[in-house]
Amino acid sequence: METHPQRQGYRWLRLLLIIPFLGLLFPGFYNFREPTFLDFPFFYWYQLLWIILTAIITASVYFLEGFLASRGRS
């Protein structure tokens with residue numbers, strides 16, 4: 001079994017990927033009509049906002065892990 005010791009120190013970054021899961025886990029928390037945004041009820045724009053936030057978080061984790069791994073190799 002091959003291990004990657006340089007990668008194990010960066011696993012804490014992957015914990016950031018839990019944030020979108022927790023933000024959308026309980027629909028009762030965001031199942032409201034008000035406040036509206038551009039005539040969209042809160043329920044819809046809250047979920048659409050999380051799509052954008054999830055993409056940003058995922059890209060950040062991806063690039064930070066790559067950056068930290070390449071920095072550790074040099």
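A residue is called buried when its relative accessible area is under 20%, exposed when that area is over 50%, and partly exposed in between. These words recur in the legends below, which describe close-up views of a predicted model.

**Figure 1. Tyr 46 and Trp 50, an aromatic pair within helix α5.** Trp 50 has a relative accessible area of 12% and is therefore buried. Tyr 46 is likewise buried, with a relative accessible area of 12%. The two residues stand 4 positions apart in helix α5, which covers residues 42-73, so about one helical turn separates them. A search of the whole structure finds 9 aromatic pairs. In the pair formed by Tyr 46 and Trp 50, the ring centres are 6.3 Å apart and the planes meet at 70°, an edge-to-face arrangement.

**Figure 2. Tyr 62 and Phe 63, an edge-to-face aromatic pair.** Which arrangement do the rings of Tyr 62 and Phe 63 adopt, stacked or edge-to-face? The angle between their planes is 75°, and the pair is edge-to-face. Their centres lie 5.2 Å from each other. Both Tyr 62 and Phe 63 are exposed, whereas Tyr 46 in the preceding view is buried.

**Figure 3. An aromatic cluster that includes Tyr 46 and Trp 50.** The view shows one cluster formed by Phe 29, Tyr 30, Phe 37, Phe 42, Phe 43, Tyr 44, Trp 45, Tyr 46 and Trp 50. Tyr 46 and Trp 50, the pair of Figure 1, thus appear again here as members of this cluster.

**Figure 4. The salt bridge between Arg 14 and Glu 65.** Side chains of opposite charge can pair when their charged atoms come close. How many salt bridges does the structure hold? The structure holds 1 salt bridge. In this salt bridge the side chains of Arg 14 and Glu 65 meet, with a distance of 2.8 Å from N to O. The two partners are 51 residues apart and link distant parts of the chain: Arg 14 belongs to helix α2 (residues 11-14), and Glu 65 belongs to helix α5. Arg 14 counts as partly exposed because its relative accessibility is 40%. Glu 65, at 18% relative accessibility, counts as buried.

**Figure 5. A nonpolar patch on the surface.** The patch is formed by Trp 12, Leu 15, Ile 18, Phe 21, Leu 22, Leu 25, Phe 26 and Phe 29. Together these residues have about 890 Å² of accessible area. Which helix supplies the largest share of the patch? Helix α3, which covers residues 18-24, supplies that share with 3 residues. Leu 25 is located in the loop between α3 and α4, the latter covering residues 27-30. With a relative accessibility of 34%, Leu 25 counts as partly exposed.

**Figure 6. The loop between α4 and α5, with Pro 35, Leu 38 and Asp 39.** Pro 35 is found in this loop, and a cis peptide bond joins Glu 34 to Pro 35, with omega at about 0°. Leu 38 occupies the loop too. Phi of Leu 38 is near 55°, a positive value in a residue other than glycine. Leu 38 has a relative accessible area of 68% and is therefore exposed. Asp 39 lies in the loop between α4 and α5 as well. Phi of Asp 39 is near 70°, which is a positive value in a residue other than glycine. Asp 39 counts as exposed, at 72% relative accessibility.

**Figure 7. Two spans listed as "transmembrane region" in UniProt.** The unreviewed UniProt entry lists residues 12-30 and 42-64 under this name. The span of residues 12-30 is 74% helix and 0% strand, and its end C-alpha atoms lie 28 Å apart. In residues 42-64 the chain is 100% helix and 0% strand, with 32 Å between the end C-alpha atoms.

**Figure 8. The protein as a whole, as a setting for the close-up views.** The protein contains 5 helices and 0 strands, and its pattern along the sequence reads α-α-α-α-α. Of its 74 residues, 18% count as buried. The accessible surface amounts to about 6300 Å², and 68% of this surface belongs to carbon and sulfur atoms. Among contacts with a separation of 6 or more, 50% are between residues 24 or more positions apart.

Technical notes. Residues are numbered from 1 along each chain as its sequence is written. This is a predicted model: local features need pLDDT of at least 70, side-chain atom pairs count only at pLDDT 80 or more; totals for chains, interfaces and linings use all residues. Side-chain values use heavy atoms; hydrogens and water are left out. UniProt positions are given in the numbering used here, feature names are shortened, and annotations may be inferred rather than shown by experiment. Patches are made of residues with over 30% relative accessible area and no salt bridge: like charges are joined within 9 Å, nonpolar side chains (Val, Leu, Ile, Met, Phe, Trp, Tyr) within 5 Å. Accessible areas come from the Shrake-Rupley method with a 1.4 Å probe; for residues, only the protein chains shown count as cover. A salt bridge is a side-chain nitrogen of Lys or Arg within 4 Å of a carboxyl oxygen of Asp or Glu. Buried means under 20% relative accessible area, exposed over 50%, partly exposed in between (1.4 Å probe, protein chains only). Rings of Phe, Tyr and Trp (its six-membered ring) pair if their centres lie within 6.5 Å; planes under 30 degrees apart count as stacked, over 60 as edge-to-face and the rest as tilted. Contact means heavy atoms within 4.5 Å.
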